[in-house]
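Work through the exercises below with the sequence and the coordinates at hand. Each task is followed by a solution in steps.

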Amino acid sequence: MAKLKLLPSLPSGLKPATRPEDLAVKKQGPLGAVKDGGIHAVDWVDERTSLSGTMRWVMFRPIPKGTNWFYTLGTATMVAFINQVITGVVLGMYYEPSATRAYESMKYINNEVFLGEFVHGMHRWGSTVMVVLIFLHMARTFFFGAYKYPRELNWVIGVVLLVLTLLMSVTGYLLPFDQRAYWASVVAMNIAGNAPLVGPFTPDLALGGPDVTTLTLSRFYLIHMMIIPGALIALIGAHLYLVIKLGTTAPPWVRADKVSPGLKEHEE
Amino acid sequence: MNQREKEEYLREYAVLKAQGKPFFPYIIVKDGVMMIVVIGTIMLLSLLLGGELTAKADATTTTYAPRPEWYYFWAFELLRVVKPPYLVGLATVGIPTIAILLLILLPFYDRNPERHPLRRPVATTAGIFIIGAMFFLSYLGAEAGAPSQIELGPPKAIRDAGGATLTKWDQGRKLVAQSSCGGCHKIGENGNDGPGPPLTEIGDRLKAGAIRETLINPTKPMPSFADLGADQIDKMAFFLASLKSDAEESHETVEELTKESGDSSSGTETPKTESQP
Ligand code: HEM
């Protein structure tokens with residue numbers, strides 16, 4: 001696999017420009033020319049970024065034997081997050097964060113925009129799927145003891161990701177500004193406002209005043225589509241960097257030294 | 001883990017990796033299948049359940065008893081275990097903070113080098129117990145009667161009085177049901193048991209006047225309902241004051257009763273209703 005043409009070991013820009021082989025390729029007709037052009041473009045980028053090394057580091061990293069389907073739950077969470085980002089951007093094209101217009105703009109998305117309700121539904125239910133998956137992923141790493149040395153930091157980042165994800169679902173709940181959204185936020189704020197120390201400041205900070213108003217909506221919107229997603233993207237980046245850097249665990253029942261007969265299939 | 005255990009783990013891990021396979025193309029296939037499953041599930045949910053909206057938010061006339069997303073049910077049930085009102089505030093901040101701290105610090109207080117779930121009995125038992133408790137509490141939260149309805153019949157005295165009294169009682173019942181009281185109070189079989197006290201027998205403790213006062217000038221965290229206007233507050237207070245432990249509840253609903261007696265006042269204005277799931 002490492003011999004893939006797309007990932008040459010030496011950027012070809014550093015090689016003599018016209019070698020006999022290159023000319024031979026060019027004579028292969030239009031398809032060959034396209035292929036050649038592609039390789040040149042990749043080479044051009046690689047010469048200036050050395051990305052091929054990173055790509056090889058990411059794609060061809062060894063995964064320990066015994067890795068099973070439970071190890072796809074992290075990727076699954078990431079896919080659900082990407083779904084939220086894409087559908088969220090589409091909704092953001094029509095949504096207006098104002099007490100008078102928010103509900104109408106959501107109705108407009110549902111009823112007028114092409115596939116609007118489908119995208120809205122994907123965002124709505126995608127959040128549920130993401131929350132379920134993040135809990136499953138966390139349970140996997142817990143029961144597999146994957147939070148132990150040397151991956152402690154990745155667990156800590158994970159917990160922060162969990163908290164941020166839950167905050168996303170809370171701030172998103174208000175945005176449609178329907179009855180459910182409004183009254184859930186009122187009750188939530190009444191409860192939060194009763195907390196010791198921080199309590200009295202929460203409504204002022206989150207709502208922009210004692211009541212749920214346009215100010216509240218624009219604050220929740222800002223938190224929901226800029227602040228938390230920004231933090232999430234940065235932290236998922238750090239999380240994945242550590243995953244690749246440290247490697248993923250093998251299931252704790254898989255041993256390197258004594259190979260039990262049951263594991264023969266993984267060996268092959 | 002001490003230095004020796006760390007080195008032992010890293011050595012073992014290096015061998016496991018050497019005996020494994022490259023991510024591309026062997027492992028990425030599984031991840032790819034999972035990606036398709038996830039996106040497919042989300043699309044299917046969207047097609048089946050859509051992105052429906054409830055009615056437009058309305059802060060003045062009638063209100064709405066909200067329920068949290070189902071995956072927060074367990075957290076709300078947990079908060080309800082805390083009864084005394086002065087502890088509720090502490091618990092709303094305290095319980096999540098402690099839970100998050102316990103999670104974040106897990107790798108630092110669980111120093112057992114063993115990773116196999118069966119050879120970590122304490123950690124595994126605790127994990128299974130917490131998951132079980134979350135399922136159980138979620139079930140309790142889902143079982144509670146919808147907080148936006150009150151399924152109570154009128155007390156005997158009110159039923160016998162009939163006419164305008166009965167209508168006023170029923171309008172009060174509907175108003176209380178729709179005014180999000182059930183978000184914090186249990187009334188009969190409906191509503192959340194906390195953070196407010198149950199109101200099923202509130203008439204024993206408070207007279208209509210005191211209840212009216214509570215609605216206009218409540219103790220935090222209960223919000224003020226002064227916006228609803230004197231008339232509606234009056235009806236709600238009348239209804240609540242009738243809820244007594246010794247009052248015999250009649251089991252017919254008000255609709256049935258008024259139909260039987262051919263009551264003429266039943267057709268008069270009923271409180272604005274907002275239907276909701
Ligand atoms: C936005 C949410 C998250 C994303 C996108 C994500 C993504 C990933 C991915 C792709 C992996 C690679 C291995 C696998 O898929 O199992 C991974 C590993 C890991 N994750 Fe997450 N994760 C998230 C949240 C969490 C949370 C909430 C925790 C725990 C509190 C956590 C702890 C870990 C640990 C300890 C590993 C290393 C597992 C191993 O090496 O076997 N992650 N994560």
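A cavity is a set of grid points where a 1.4 Å probe fits but cannot get out, and its volume is the space filled by probe spheres set on those points. The model examined here is predicted.

**Exercise 1.** Find the volume of the second largest cavity and describe its lining.

Solution.
Step 1. A search of the whole structure returns 2 cavities of 30 Å³ or more.
Step 2. The second largest of them has a volume of about 30 Å³.
Step 3. Its lining consists of Val90(A), Leu91(A), Tyr94(A), Ile109(A), Val113(A), Phe114(A), Leu115(A), Gly116(A) and Val119(A).
Step 4. Two or more lining residues come from each of α4 and α6 of chain A.
Step 5. By class, the lining has 8 nonpolar residues, 1 polar residue and no charged one.

**Exercise 2.** Describe the shell around the ligand and list polar contacts to the ligand.

Solution.
Step 1. The ligand is surrounded by 25 residues, and the closest are Tyr71(A), His137(A), Arg140(A), His239(A) and Thr249(A).
Step 2. Sorted by class, these shell residues are 12 nonpolar, 11 polar and 2 charged.
Step 3. For polar contacts, the cut-off is 3.5 Å between N or O atoms. A backbone N or O atom of Tyr71(A) is 2.8 Å from a ligand oxygen atom, and a backbone N or O atom of Gly74(A) is 3.1 Å from a ligand oxygen atom. From His137(A), a polar side-chain atom lies 2.8 Å from a nitrogen atom of the ligand.
Step 4. Elements giving two or more residues to the shell are α4 (73-92), α6 (116-143), α7 (152-174) and α10 (214-246) of chain A. The largest share, 6 residues, is that of α7(A).

**Exercise 3.** Classify the aromatic pairs Tyr95(A)–Tyr221(A) and Phe144(A)–Trp253(A), and locate their residues.

Solution.
Step 1. Over all chains, the search gives 15 aromatic pairs.
Step 2. The rings of Tyr95(A) and Tyr221(A) are 5.0 Å apart centre to centre with 55° between the planes, a tilted pair. Tyr95(A) sits in the loop between α4 and α5 (102-111) of chain A and Tyr221(A) in helix α10 of chain A, 126 residues apart. Both residues are buried.
Step 3. For Phe144(A) and Trp253(A) the values are 5.2 Å and 75°, an edge-to-face pair. Phe144(A) is in the loop between α6 and α7 of chain A and Trp253(A) in the loop between α10 and α11 (264-267) of chain A, so the pair ties together parts 109 residues apart in sequence.
Step 4. Phe144(A) has a relative accessible area of 8% and is therefore buried, whereas Trp253(A), at 41%, is partly exposed.
Step 5. Ring pairs also link Phe144(A) and Trp253(A) with Phe70(A) and Tyr71(A) into a cluster.

Technical notes:
Residues are numbered from 1 along each chain as its sequence is written. Chains are lettered from A and ligands numbered from 1 in the order in which they are written. This is a predicted model: local features need pLDDT of at least 70, side-chain atom pairs count only at pLDDT 80 or more; totals for chains, interfaces and linings use all residues. Side-chain values use heavy atoms; hydrogens and water are left out. A residue is near a molecule or strand if one of its heavy atoms lies within 4 Å of it. A polar contact is a pair of N or O atoms within 3.5 Å; within protein, one must be able to donate a hydrogen and the other to accept it, and residues adjacent in sequence count only if both atoms are side-chain atoms. Helices (H or I, at least four residues) and strands (E, at least two) are DSSP runs, numbered from the N terminus. Ala, Val, Leu, Ile, Met, Phe, Trp, Tyr, Cys and Pro count as nonpolar, Asp, Glu, Lys and Arg as charged, and the others, Gly among them, as polar. On a 1 Å grid over the protein atoms alone, a cavity is a set of points where a 1.4 Å probe fits but cannot get out, and a pocket is an open set with protein on both sides within 12 Å along at least five of seven lines; lining residues have an atom within 4 Å of a point. Rings of Phe, Tyr and Trp (its six-membered ring) pair if their centres lie within 6.5 Å; planes under 30 degrees apart count as stacked, over 60 as edge-to-face and the rest as tilted. Buried means under 20% relative accessible area, exposed over 50%, partly exposed in between (1.4 Å probe, protein chains only).
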